[in-house]
Amino acid sequence: MLTLENSKGFKVVLSPLGAGIISVFAPDKEGKFADVALGYPSQDNYLNDGPCMGKIPGRIAGRIAKGRFSLNGKEYQLCINNGPNHLHSGPEGYQNRIWNVVSATEKEVVFSLESPEGDCGYPCPLAVEARYSIDEEYNLRLEISAKITGETKESTIVNMTNHAYWNLAGHDSGSIRKHELQLPCSQYLPTDENLIPVGIAPVKGTAVDFLEHHEIGERIDDYDCLAVKYGKGYDGGWIIDAAVNSPLCIQDIDAPQEAWPKLTPGAILTDRASGRSLTVFTNQKAAIVYTGNYLSGCPKNKAGRGYDDNDGVAIECQNYPNAINMPEAPSSVLSPGKLYKNVMVFSFSTI
């Protein structure tokens, strides 16, 4: 395990397995620190776990419909591991590998991974880096980058994120249904029953409208809303308003800083009882919110208690799921000479 810590006591524990977040210790309104990231007591528990707890799935996070896509004038068939679909690049995805530790200090840890041609069925060799850093406040920054290596002229697809689950009352505090969520997103991605996006729709008048703060539990059982029914809770994508017309997160390797998308708030999560709040800043187009609807039955938590459904919420900033097969989606295609970059800042504060 590797630990980041600042002079204020803000502490983050990381693991080379899946380049994952194990713990994040943040203060409440009285200045008391608690671990607000869900996790397990042993590194062995993280290998091939269903929730993908705290890790970086890749090279594609989320689902690809029927595991199929076309690129380079070819048809690619990936493994099917989630109903009829391909999820998080399958059991051999980056989340289940030991990443290399490039460097480690008290303020920054850099992981890397070499992904060969044909890895998990995807074209092109890929060099991946995950850089975690903290400052002297309560901000955890994660920058995931990837580029094609070798002499190939073909392209691949990339869409990565971090799959940490948050409970701002503390990792062993039970349900997050009382947490309040705000999403600066006036549109979302409705899906079919297999959670594959089928278009873009306004959130207004639906149970997925979080333009204003709402308790997560307020409408999480509103099965008249198909977006809730199909996921057994919230498990879908919201389009971040401020990012709709922003540049792509794939640019020329030597592109100037102004060519890249700027960081904007993608989600705000608040627990009024503890006073903790988490704002997720991102350069991505969408916020994927998953309210841990199938946590029951996964490995026991760091306190030895079995998790229940809705004990944590994941806020995964990324491209649209199944983007390669969705004409409306921002491109997920990475070509030689281009760089993919996903930047997220998990900013903790109190109210």
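**Exercise 1. Decide whether Tyr122 is buried or exposed, and describe its ring partner.**

*Solution.* Start with the accessible area: Tyr122 is buried, since its relative accessible area is 1%. Here, buried means under 20% relative accessible area, exposed means over 50%, and partly exposed lies in between, with a 1.4 Å probe and protein chains only. Keep in mind that this is a predicted model, where local features need pLDDT of at least 70, side-chain atom pairs count only at pLDDT 80 or more, and totals for chains, interfaces and linings use all residues. Residues are numbered from 1 along each chain as its sequence is written, and side-chain values use heavy atoms, with hydrogens and water left out.

Next, take the partner. Phe69 also counts as buried, at 1% relative accessibility. The ring centres of Phe69 and Tyr122 lie 6.1 Å apart with planes at 25°, so this pair is stacked. Rings of Phe, Tyr and Trp (its six-membered ring) pair if their centres lie within 6.5 Å; planes under 30 degrees apart are stacked, over 60 edge-to-face, and the rest tilted.

Finally, place the two residues. Phe69 is in strand 6 (residues 68-71) and Tyr122 in the loop between strand 10 (108-115) and strand 11, 53 residues apart. Strands (E, at least two residues) and helices (H or I, at least four) are DSSP runs, numbered from the N terminus.

**Exercise 2. Find how the rings of Phe10 and Tyr138 are arranged, and which cluster holds them.**

*Solution.* Begin with the total: the structure holds 13 aromatic pairs. In this one, the centres are 5.8 Å apart and the planes at 85°, so Phe10 and Tyr138 are edge-to-face. The two residues are 128 apart along the chain: Phe10 sits in the loop between strand 1 (2-5) and strand 2 (11-15), Tyr138 in the loop between strand 11 (126-134) and strand 12 (139-148). Both Phe10 and Tyr138 are buried. To finish, ring pairs join Phe10, Tyr138, Trp166, Phe346 and Phe348 into a cluster.

**Exercise 3. Name the rings that have the charged end of Lys11 and Lys232 over them.**

*Solution.* Apply the test: NZ of Lys or CZ of Arg must be within 6 Å of the ring centre and within 35 degrees of the ring normal. For Lys11, the ring is that of Phe25, with the charged end 4.9 Å from its centre. For Lys232, the ring is that of Tyr294, at 4.2 Å from the ring centre.
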